[in-house]
Every structure is written in structure tokens, then in C-alpha cells.
Amino acid sequence: MDKQKLYTIGYTLFRNREGIDLERMFETLKKYNVSYLVDVRSVPFSNQYPQCNANNLKVAGEHYGVPYLHVPELGAKASPQQEVFSKASDIFYEDIFPIAASKRPEKNELRSTDEIVDFQKFRNDDFFLQGIKRIENAYDRNYTLALMCSEKEPINCHRYFLVSRKVEQMFGKWIEVEHIAQNDNGELTTISNNAIDKELSDNIFKKEEIKKLNVLETDLFSNEAKINNYFGDTIQDKISDFCDRYWNLMHGWKKFNNNNYNKNEDYD
């Protein structure tokens, strides 16, 4: 039996001189027979692209025949009360701290002692799992969903790393995730989680800061490679764990106190 499709999409994929081409975005969703557009941003607001604020997307969804829903349970920025944070040095073991502000989602430098969202914990958080349950309920009723965030490239977005991986982990026997993206010719296509996983590994090991770590080389004195510090039964499993932890380091939001929570806009 063919698997049901779950799509993801980033609205900046449809950016033009005027902002976001919502007509093209919704026509693309209709092409893939999407029943509902599901917004997985923590806060459905964009100062840069106001067409993609919740109220405007709801009106557009009604106009183009693809209803819009916001599911904040699947956002990437956790509440300080959620037990989904870890010290940065507990997530990524190698000594590359501090991380420059320009490489971080909240544009603040990251030190090894700072607490950030730990996506391994997040995937098992009760609030997040309520959102996953909503996806399951939709597919039990034979709906087809498209999870929407802002990022054009799924490899840079939590809709791939956090949400779609959990969906395939739990429901992979009957739900298959496809990310709507652009190919090298500028044409719209879809890409699987497996393909993005490989792209992620390739990209990370090309980075200069990763090359300097020499994690795959055997140490002269211990006869062990640093990659053995990571989890998995095979070297490839350990490489995947290494890459996942590095992605987490670059994308996991810092733990905010209550006064600062939700002051940022345009975040996942």
C-alpha cells in the first residue's frame, strides 16, 4: 500500500520583489493535493513579510481553498518551563566554544555553559507530542498536511530536523515526509528526509571549524578517534549523531527568562 504524504514548505521559497507570492505558494499546495496548511512557527508573525502573519494566511487559505491552521505545539522555541534544555557542552562534546553570534538564531554568542533547546529532549516533550498527535489524527482522517515555516531550505529548519523526523520515527510505516524545495535549475521539487540527512553530513564535514577537530582521525596516544565519543553501533551512526548534535548547537534557542521570552519575531 502506498504511504500517505506529509509535505513541508518554507514561505520564503516564494519570495519576490513585493514580498511573498502567496498565490504561487497556495497553487503549489493544491498541486500536491494538500488539505491543510499547518503553520509550525512558535509565533505566527513576520515583520519582514506581513503577508505571512496568521490572519493574512487564514484569509488567503480561505480564498485559495487550502485552509490555514497554526499549531504552536510544533514550534522550535520552547517555554522556559519546558524541561527540554541542556548545557551546550552536553549537547556537542567538542571544544569549539564560544559560537559566534552571527551563527546563532537569537544573534547572541553561545558559550559552553549556556543552556539551549536540546532537540533530543524536545522530541519527547508532552507539549510537542500533543502537536504530533494532531498530525496523527489528521492522517487517520485521510487529510494531507503541509507543515509551513519561514526557511526556504528545509535543511536549515526545525520542520525537518525536529518535526518531520519525529513523524517518520513514529509513523514511518504509513506516512512519508517530502519537503517542497527548489532544485539546481530553480524548479520546484520534493526531497526526502534521507536525502537531507546525507546533505547535512556532507555540509558539516566541509566546514572549516569541523575539519580542524579531526574527529575521524585516530589519536596517536589513545588509538581512538574522537568520533567514538558519539552514539551509535557503527561509524556511520556515530557520524549521524555528531552531525545532529552540531545542527542542534547552531539552531537550538537559548533558554530565556520570562521577561525575554517571545520578544523576538521571525523565529521558528
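**Notebook: aromatic pairs and salt bridges**

I began with Trp247, which is buried at a relative accessible area of 3%. I note at the outset that the model is predicted.

**Entry 1. Rings around Phe119**

I looked up the ring partners of Trp247 next. I first checked Phe119 and found it buried, with a relative accessible area of 1%. The rings of Phe119 and Trp247 have their centres 5.5 Å apart and their planes at 70°; an angle over 60 degrees counts as edge-to-face, so I recorded the pair under that heading. This pair links distant parts of the chain, since Phe119 lies in helix H4 and Trp247 in helix H9 (residues 235–251), with their positions 128 residues apart in the numbering.

I then searched the whole structure for such contacts and obtained 17 aromatic pairs. Phe119 appears again in the pair with Phe122: the ring centres are 6.4 Å apart and the planes stand at 10°, so I entered this pair as stacked. Both residues belong to helix H4 (residues 119–122), where a spacing of 3 residues is about one turn of the helix. I also looked up the accessibility of Phe122, which is buried with a relative accessible area of 2%.

**Entry 2. An aromatic cluster**

Which residues form one aromatic cluster? I listed Phe92, Tyr93, Phe205, Tyr230, Phe242 and Tyr246 as its members.

**Entry 3. Charges over rings**

I next looked for charged side chains placed over aromatic rings. Lys77 lies over the face of Trp253, 4.8 Å from the ring centre. For Arg123, I found the charged end over the ring of Phe161, at 4.9 Å from its centre.

**Entry 4. Salt bridges within helices**

I turned to the oppositely charged side chains and counted 15 salt bridges in the structure. I examined several that fall inside one helix.

In helix H5 (residues 126–140), I looked up Lys133 and Glu136, which are 3 residues apart and thus separated by about one helical turn. Their closest N and O atoms are 3.2 Å apart, and the two form a salt bridge. Is Glu136 buried or exposed? I found Glu136 at 19% relative accessibility, and because buried means under 20%, Glu136 counts as buried. Lys133, at 43% relative accessibility, counts as partly exposed.

In helix H7 (residues 193–204), I checked Lys198 and Asp202, which are 4 residues apart, about one turn of the helix. Their side chains meet in a salt bridge at 2.9 Å, N to O. Lys198 has 53% relative accessibility and counts as exposed, because the cut-off for that class is over 50%. Asp202 counts as partly exposed, at 34% relative accessibility.

In helix H8 (residues 208–211), I recorded Glu208 and Lys211, 3 residues apart, again about one turn of the helix. The closest N and O atoms of this salt bridge are 3.5 Å apart. I noted both partners as partly exposed: Glu208 has a relative accessible area of 49%, and Lys211 stands at 44% relative accessibility.

**Entry 5. A shared network**

Lastly, I looked for salt bridges that share partners. Which residues do they join into one network? I found Lys5, Glu176 and Glu178 joined in this way.

Methods. Residues numbered from 1 in each chain as written. Predicted model: local features only at pLDDT ≥ 70, side-chain atom pairs only at ≥ 80, totals over all residues. Heavy atoms only, no water. Phe/Tyr/Trp six-rings, centres within 6.5 Å; stacked < 30°, edge-to-face > 60°. Helix = DSSP H or I, 4+ residues; strand = E, 2+ residues; numbered from the N terminus. Buried < 20%, exposed > 50% of the residue type's maximum accessible area, 1.4 Å probe, protein only. Lys NZ or Arg CZ within 6 Å of the ring centre and 35° of its normal. Salt bridge = Lys/Arg side-chain N within 4 Å of Asp/Glu carboxyl O.
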